[in-house]
Amino acid sequence: MSSPHVPDPESAPDPADQGPISPAGEAVAARSHGESPHVPDTAAPTSGRSGLLRPAAQELAGYRHMYSGKVRDLYAPLTATGDVDPTRLLLVATDRISAYDHVLPTSIPDKGRVLTQMSLWWFSQLADLVPNHVVSTDVPHEVAGRAVLVRRLHMFPVECVARGYLAGSGLLEYRASGTVCGVALPPGLTDGSRLETPIFTPATKAELGEHDENVTLEQVADVVGADVAEELRRLTLAVYTRGEQLARDRGILLADTKIELGRDDDGRIVLGDEVLTPDSSRFWPAAGWAPGGPQPSYDKQFVRDWLTSPASGWDRHGDAPPPPLPEDVVERTRAKYLEAYETLTGQRLR
Ligand code: PZK
């Protein structure tokens, strides 16, 4: 997988994988969650960073398309009078998959449903720790099972990350300074090491297309105030700790996770976005955990292995877009997503 000096380039929370892009697929400033999305859906399709035309997001009657991330789309519902309902958003998970900072030209069937249903399951598991933004799963038939109607929140301009294992940007910062986001760690840790205690490692959105930038708790406090910063830390660690324990009991290591928190109109801090999915967290098979090098990804390893093998003919450091995935790689990857869902929840995907 990754070369040793580059952070694992597509496992969240490090990559700029979820940042909004324009309706046409062109990168657009993420506006760092400080306000609600408002970019109009007017641009024509253009080349994305891969150089491929990315199709405009699906039209949904009764909704206005607002953003597309690499693998998700964001809509606003319209009221009976045709205006945007300012209180709601529709989050749609597509079957798109990214690897090595590219959206692949091949989708993984059921990935959007798996991630949506997994996130919903986690929201209910976490409901005693933090309220969430979910309103309804009654969504247009085109996106059934892979979309959620949510309350629009005032998002904090901070990526709330918790880490229980060292990888990605956390590993890089540790190697350079012995700290991660200003938190001192003991000497002797290596790629994949388990941390004695999980740590809060917040990040802020860098420029568009760039990866998030690790910051200290103090820097978060400068933006949101010390009390709120401490509350974001507490909630992030509570979510991670609950998720990590449950997943570990089921043979899945949750190395880290990124959550997004916002405030509702009553001033309550609410958990938004998707939660504890393989796109927002590093999932590792517990059985394969071996600190000292990059850990295999639970969900994307077949994709990475094929893309970096001679069979793909692709250079991940070059300018060319990635090639289509072979059918067996698609099917084995689909099976991993389904397996993750079923292993964690104990339920079949319906
Ligand atoms: C919000 N995103 C990320 C998600 C994308 C981008 N409840 C909320 N209230 C206000 N804003 C957001 C949310 C949520 N969740 C989430 N950006 C803004 C995102 C899906 C697709 F393109």
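Of the contacts in the chain with a separation of 6 or more, 65% are accounted for by residues 24 or more positions apart. The model is predicted, and its chain contains six helices and 17 strands. Of the 350 residues in the chain, 55% are buried. The accessible surface of the chain comes to about 14700 Å², and carbon and sulfur atoms contribute 52% of that area.

Strand β17 covers residues 281-285. Four of its five residues are buried, so the strand is largely enclosed by the rest of the structure. Strands β15 and β17 run antiparallel and are joined by five bridges. Within this pairing, Thr-257 stands opposite Ser-281 of β17.

The loop between β15 (252-263) and β16 (269-272) contains Asp-264. The relative accessible area of Asp-264 is 6%, and the residue is classed as buried because this value falls under 20%. A polar atom of the Asp-264 side chain lies 2.9 Å from the backbone nitrogen of Asp-266. When neighbours within four places in sequence are left aside, Asp-264 is in contact with Arg-151, Leu-153 and Val-270.

Four aromatic pairs are found in a search of the whole structure. One of them joins Trp-121 and Trp-122, whose ring centres are 5.0 Å apart. The planes of these two rings meet at 65°, and the pair is therefore edge-to-face, given that angles over 60 degrees are classed in this way. Both partners are buried: Trp-121 has a relative accessibility of 11%, and Trp-122 has a relative accessibility of 0%.

Tyr-165 and Trp-289 also form an edge-to-face aromatic pair, with 5.6 Å from centre to centre and 85° between the planes. This pair links distant parts of the chain, as the two residues are 124 residues apart. Tyr-165 belongs to strand β9 (residues 160-165), while Trp-289 is located in the loop between β17 and α5 (301-307). The partners also fall into separate accessibility classes: Tyr-165 is buried at 2% relative accessibility, whereas Trp-289 is partly exposed, with a relative accessible area of 32%. For Trp-289, the assignment follows because its value lies between the 20% limit for buried residues and the 50% limit for exposed ones. Ring pairs link Tyr-165 and Trp-289 with Trp-284 into a cluster.

Charged side chains are also placed over aromatic rings. Arg-332 lies over the face of Phe-302, and the distance to the ring centre is 4.4 Å. Lys-336, a residue of helix α6 (residues 327-345), has its charged end over the ring of Tyr-298, 4.4 Å from the centre of that ring. Lys-336 and Tyr-298 are 38 residues apart along the chain, and their C-alpha atoms are separated by 7.1 Å. With neighbours within four places in sequence left aside, Lys-336 is in contact with Tyr-298, Asp-299 and Phe-302. Phe-302 is thus a contact of Lys-336 and also the residue whose ring face lies under Arg-332.

Notes
Residues are numbered from 1 along each chain as its sequence is written. This is a predicted model: local features need pLDDT of at least 70, side-chain atom pairs count only at pLDDT 80 or more; totals for chains, interfaces and linings use all residues. Side-chain values use heavy atoms; hydrogens and water are left out. Buried means under 20% relative accessible area, exposed over 50%, partly exposed in between (1.4 Å probe, protein chains only). A polar contact is a pair of N or O atoms within 3.5 Å; within protein, one must be able to donate a hydrogen and the other to accept it, and residues adjacent in sequence count only if both atoms are side-chain atoms. Contact means heavy atoms within 4.5 Å. Accessible areas come from the Shrake-Rupley method with a 1.4 Å probe; for residues, only the protein chains shown count as cover. Two strands pair if DSSP finds at least two bridges between them. Rings of Phe, Tyr and Trp (its six-membered ring) pair if their centres lie within 6.5 Å; planes under 30 degrees apart count as stacked, over 60 as edge-to-face and the rest as tilted. A charge sits over a ring if NZ of Lys or CZ of Arg is within 6 Å of the ring centre and within 35 degrees of the ring normal.
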